[in-house]
Amino acid sequence: MLLQGLKILDFSILLPGPYASMMLADLGADVLRVESPTRLDLIRQFPPMDNGQSAAHSYLNRSKRSIALDLKQQESVEIVKRLVKKYDIIMEQFRPGVMDRLGVGYEALKKINPRIIYCSITGYGQTGPYKNRPGHDNNYLSLSGVADNMRRNGEKPIASGIQIADVAGGSLHAVIAILAAVYHREKTGEGQWIDISMTDAAFALNAIYGSGALACGVEIEPEKMLLNGGTFYDYYETKDGRYFSVGSLEPPFRKALCEGIGRPDLIHLAMSERPEDLQVFKRELQQTFIQKTFEEWRDIFQDAQACVEPVLSFSEATEHPQLKAREMVVEVSKKDGTTQKQLACPIKYSAGKARYKHIGSLLGEHTEEVLKELGYSKEEILELKAKGIFG
């Protein structure tokens, strides 16, 4: 496995941190979740449930072990300090200062293991006036300018079905940062503290129009730009209330689009760069798409090279031949010997495939196992249990 040998202690909850550590686990990293026995990770209760266990939790925490520790008790802190000698990458998602107050912040653990890589994922980062402010995905998208760019003119922003700031912002940037820090450590022996702000990362996602706004002073306006509905690059309703996406930006695709809808007379408008011509073309597209059903348009564009695709439901997407060919749905083992269907790791390597050990573990399922690996005796474990260290 590509990341075999990386050992990660994951203190994070909900989505951003667990998604990041899941990706690392898929690629071979050894991930141990450190969970509170008294403050339940809410994703464990997120519906729907599969035999009493959250499907979302089972997915986000696959291949990871779980140890339950009450970090407000000193014995738990001592266990973490012993773990850090073996697990030299930390992920945490608390507000700034919380891990320090618990005695397991970066400076404290760095004294035990100078090579430690410590990744903190927060809404607003470790600095700035908002560092202690609570927030969620839509808050980060709002402050970063993304939400305003994702709305129709005169309408409210959309509630995106996926968590863009959490995953594209927090999770993926954390994975990149951790792997870059590992590479740096291999060359220098030096560990470091990584500060990931989901708002920073969402702000950086304004790649196309943010660059123009900063360099040229061009304000990003809803439904006015090339890629946010300001031209024919958009979604179009069919006769039966379904939708198709039209990309068709390059001239050959514009021509194929016009031919596909049976309107070669529109090619001159499609090729124009004049905003007024493109708006006329867009209205013609809308009037044309509404005349046929979803299935009729799907048959028409099935083999067309036009960058026109049907808007699928998730269940339809799982059955799409492209996603099936890419094996994007996998069967992951459950404790009872059966399997659960889950989203696959999207990263493909020539050197090997992602590996899925099991679905997400029960809270504290591996506590005793991990303590024995650290050298704790049966008697010591019983004593810790009596003190309520594990809840």
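In this predicted model, residue D10 stands opposite R33 in strand β2, and the same strand supplies L32 as the bridge partner of L9. These pairs belong to the contact between β1, residues 7–10, and β2, residues 30–35, two strands that run parallel and are joined by four bridges. On the pairing of β2 with β5, which is likewise in the parallel sense and extends over four bridges, V34 stands opposite I67 in β5.

| Residue | Residue opposite or bridge partner | Strand of the partner |
|---|---|---|
| D10 | R33 | β2 |
| L9 | L32 | β2 |
| V34 | I67 | β5 |

**The sheet**

These strands are part of an open sheet of six, arranged in the order β5-β2-β1-β6-β7-β8 with parallel pairing. Its edges are formed by β5 (65–68) and β8 (192–197), each of which pairs on one side only. From one strand to the next the twist averages 20 degrees. In general, strands of a sheet pair through backbone hydrogen bonds, in either a parallel or an antiparallel arrangement.

Why is β2 described as largely enclosed by the rest of the structure? Five of the six residues of β2 are buried, and the strand is therefore largely enclosed, where buried stands for a relative accessible area under 20%.

**Helices across the strands**

Strand β1, helix α1 and strand β2 together make a right-handed β-α-β unit. The helix of this unit, α1 (residues 16–26), lies across β1, β2, β6 (89–92) and β7 (117–122), and runs at about 160 degrees to β1. Helix α8, which comprises residues 164–188, lies across β6, β7 and β8, and its direction is at about 160 degrees to β8.

**The surroundings of S361**

A separate point of interest is S361, which is placed in the loop between β13 (339–343) and α17 (367–373). Is this residue buried or exposed? S361 counts as buried because its relative accessibility is 6%, against a cut-off of under 20%. A polar atom of the S361 side chain lies 2.8 Å from the backbone oxygen of K64. Leaving aside residues up to four places away in sequence, S361 touches R44, Q53, H57, N61, K64, R65, S66 and H366. Among these contacts is R65, and the edge strand β5 spans 65–68.

Definitions and conventions
Residues numbered from 1 in each chain as written. Predicted model: local features only at pLDDT ≥ 70, side-chain atom pairs only at ≥ 80, totals over all residues. Heavy atoms only, no water. Buried < 20%, exposed > 50% of the residue type's maximum accessible area, 1.4 Å probe, protein only. Polar contact = N/O pair within 3.5 Å; in protein donor to acceptor, adjacent residues only side chain to side chain. Contact = heavy atoms within 4.5 Å. Pairing = 2+ DSSP bridges. Axes fitted to C-alpha atoms, helices over the stretch in contact; angles between N-to-C directions. Right-handed = clockwise from strand over helix to strand, strands pointing away.
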